[in-house]
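Please look over the chain shown here before reading on. The paragraphs below go through it one part at a time.

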Amino acid sequence: MGKLLNALASTSSVSFVLLTLASARSQKARYYLNTFLYMLSVSVCSSLGVVYALCLSLIPGKRFNTNYLVARSFYAIAGTLIGYKISLEGAEHLQNRPSIMLGNHQSMLDILYLGRVFPPGSVIMAKKELKFAPLLGQFMMLSGTAFIDRKSRSSAIKTMAQTGQHMRENKLALFIFPEGTRSHMATPGLLPLKKGAFHLAIQTQLPIIPIVCENYHRMFDSKTRFDGGELRVAVLPPVETKGLTDNDVDQLLETVEKQMKDRLIRFDQDLDRRDTYLAAHPSSKPAPPRVYGLAGLAARLIGSGKARSHIRHLENISNEQKSPLGQNHPSDYGLVPASQGSVQ
């Protein structure tokens, strides 16, 4: 048995080294490597979360800092291994507590931007099925997560009412993905926002803090591409709900939705201006692809491949983003007209 385990360990180690080296030049190898590193980081931080929660529970008033510590740990570990750097604007708005933070939901990679954003005293609302996920579920329960049964309206309403009272008593910031599910959009946009978060904001009379992460399909598409790079996240000014009633839910939703879409488009326009500048000032020699994280370390050893292959890779991304997706028909990423204020 011991020899078998040693053989498996040796084979796994050699395979990991070969995959890491291959990731320097191969997009497919980089996808598998970074997916493995990402899920490994999730597992490690879920375990850390249980430890953090148990330790902080012994200190009065500190239990609800668990998500903050786990978030920063995940950003440090996964961000370093995969090679992500997140710039954050509007961080001062995160000091508003109690409050309800709403963020756009593109894919599993969103956990990474939450790692950069989450302030102390923050909790999340999640579907109740996650309660039973190994390690992750235990960490979420210990950290004060509000689990909601999306199949039962009465249960969901009861949970939200209890959560609102809990937030006021402990001055917490609650994070919700108002889209309800991952959008996987190749272009900047949002799925229709669900009303639950807005009902909660009005019932509790707490401000909404919209958080927008730029579209990152050029780096991660959930199927074939997982590259590191720089991501931008914007925390928008709080939207007050004092004095609003249930009759104002639709208007409140439309206001927040427009602000988030407009910021997504502004991110896109910034890339458009950068692309236009680069096109007007071409380099005499095509630059090789930039590779980040552990794959970037391998690229320093064996190189990152030919520039022409990288150009074809960028052309493939552009073609993907020109294809309609669901009800969204914006122009391809980086080519949205400056006059366009929202995604239809």
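What follows is a walk through a predicted model, from the whole chain down to single residues.

Start with the chain as a whole. It has 10 helices and seven strands. Of its 344 residues, 47% are buried. Among the contacts with a separation of 6 or more, 74% are between residues 24 or more positions apart.

The N-terminal part comes next. Helix α1 covers residues 2-23 and helix α2 covers residues 27-56. The two pack at an angle of about 125°, and their axes are 8 Å apart. That angle makes α1 oblique to α2, because oblique includes angles above 115 degrees that are not over 145. Their crossing is left-handed. Which residues of α1 and α2 meet? On the α1 side they are F16, L19, T20, A22 and S23, and on the α2 side A29, R30, Y32, L33, F36 and L37. In an α-helix there are 3.6 residues a turn, so residues three or four places apart point the same way. With that in mind, F16, L19 and S23 can be picked out among the α1 residues that meet α2.

An annotation also falls in this part of the chain. The unreviewed UniProt entry marks residues 36-59 as "transmembrane region". In the model, that stretch is 88% helix and 0% strand. The C-alpha atoms at its two ends are 35 Å apart.

A second pair of helices lies further along. Helix α3, residues 66-82, packs against α4 at an angle of about 125°, with 7 Å between the axes. This makes α3 oblique to α4. Here too there is a left-handed crossing, as α3 passes α4. From α3, the residues A71, R72, F74, Y75, A78 and G79 take part, and they meet I111, L112, L114, G115, R116 and V117 of α4. Is α4 mostly covered or mostly open? It is mostly covered, with six of its eight residues buried. Those six are D110, L112, Y113, L114, G115 and V117. Several of these names have already come up: L112, L114, G115 and V117 are among the α4 residues that meet α3.

D110 leads to the loop that comes before α4. H105 sits in this loop, between β2 (99-103) and α4 (110-117). H105 has a relative accessible area of 11%, so it counts as buried, since the cut-off is under 20%. Its side chain makes a polar contact with the side chain of D110, at 2.7 Å. Apart from neighbours within four places in sequence, H105 is in contact with D110, F177, E179, T181, R182 and S183.

S183 can be looked at from its own side. S183 belongs to the loop between β5 (173-176) and α7 (196-204). Its relative accessibility is 11%, and therefore S183 is also classed as buried. Leaving out residues up to four places away in sequence, S183 touches H105, Q106 and L191. The contact between H105 and S183 thus links the loop before α4 to the loop after β5.

Now turn to helix α8, which spans residues 249-280 and contains R263. Is R263 buried or exposed? R263 is buried, with a relative accessible area of 6%. Residues up to four places away aside, R263 touches E89, V212, A234 and L236. One of these, V212, is 51 residues from R263 in sequence, while the C-alpha atoms of the two are 7.0 Å apart.

The last stop is the backbone. Most residues other than glycine have a negative phi, and most peptide bonds are trans. Three places in this model depart from that pattern. The peptide bond from R97 to P98 is cis, with omega near 0°. P98 lies in the loop between β1 (84-89) and β2. K171 is not a glycine, yet its phi is positive, at about 50°. K171 is in the loop between α6 (153-170) and β5, and at 57% relative accessibility it counts as exposed. Q205 also has a positive phi, near 60°, and is likewise a residue other than glycine. Q205 is found in the loop between α7 and β6 (208-213). With a relative accessible area of 24%, Q205 is partly exposed.

Conventions: Residues are numbered from 1 along each chain as its sequence is written. This is a predicted model: local features need pLDDT of at least 70, side-chain atom pairs count only at pLDDT 80 or more; totals for chains, interfaces and linings use all residues. Side-chain values use heavy atoms; hydrogens and water are left out. Helices (H or I, at least four residues) and strands (E, at least two) are DSSP runs, numbered from the N terminus. Buried means under 20% relative accessible area, exposed over 50%, partly exposed in between (1.4 Å probe, protein chains only). A polar contact is a pair of N or O atoms within 3.5 Å; within protein, one must be able to donate a hydrogen and the other to accept it, and residues adjacent in sequence count only if both atoms are side-chain atoms. Contact means heavy atoms within 4.5 Å. UniProt positions are given in the numbering used here, feature names are shortened, and annotations may be inferred rather than shown by experiment. Axes are lines fitted to C-alpha atoms, for helices over the stretch in contact, and angles run from 0 to 180 degrees between N-to-C directions. Angles under 35 degrees count as roughly parallel, over 145 as roughly antiparallel, 65 to 115 as roughly perpendicular and the rest as oblique. A crossing is left-handed if the near helix is turned anticlockwise from the far one by less than a right angle, and right-handed if clockwise.
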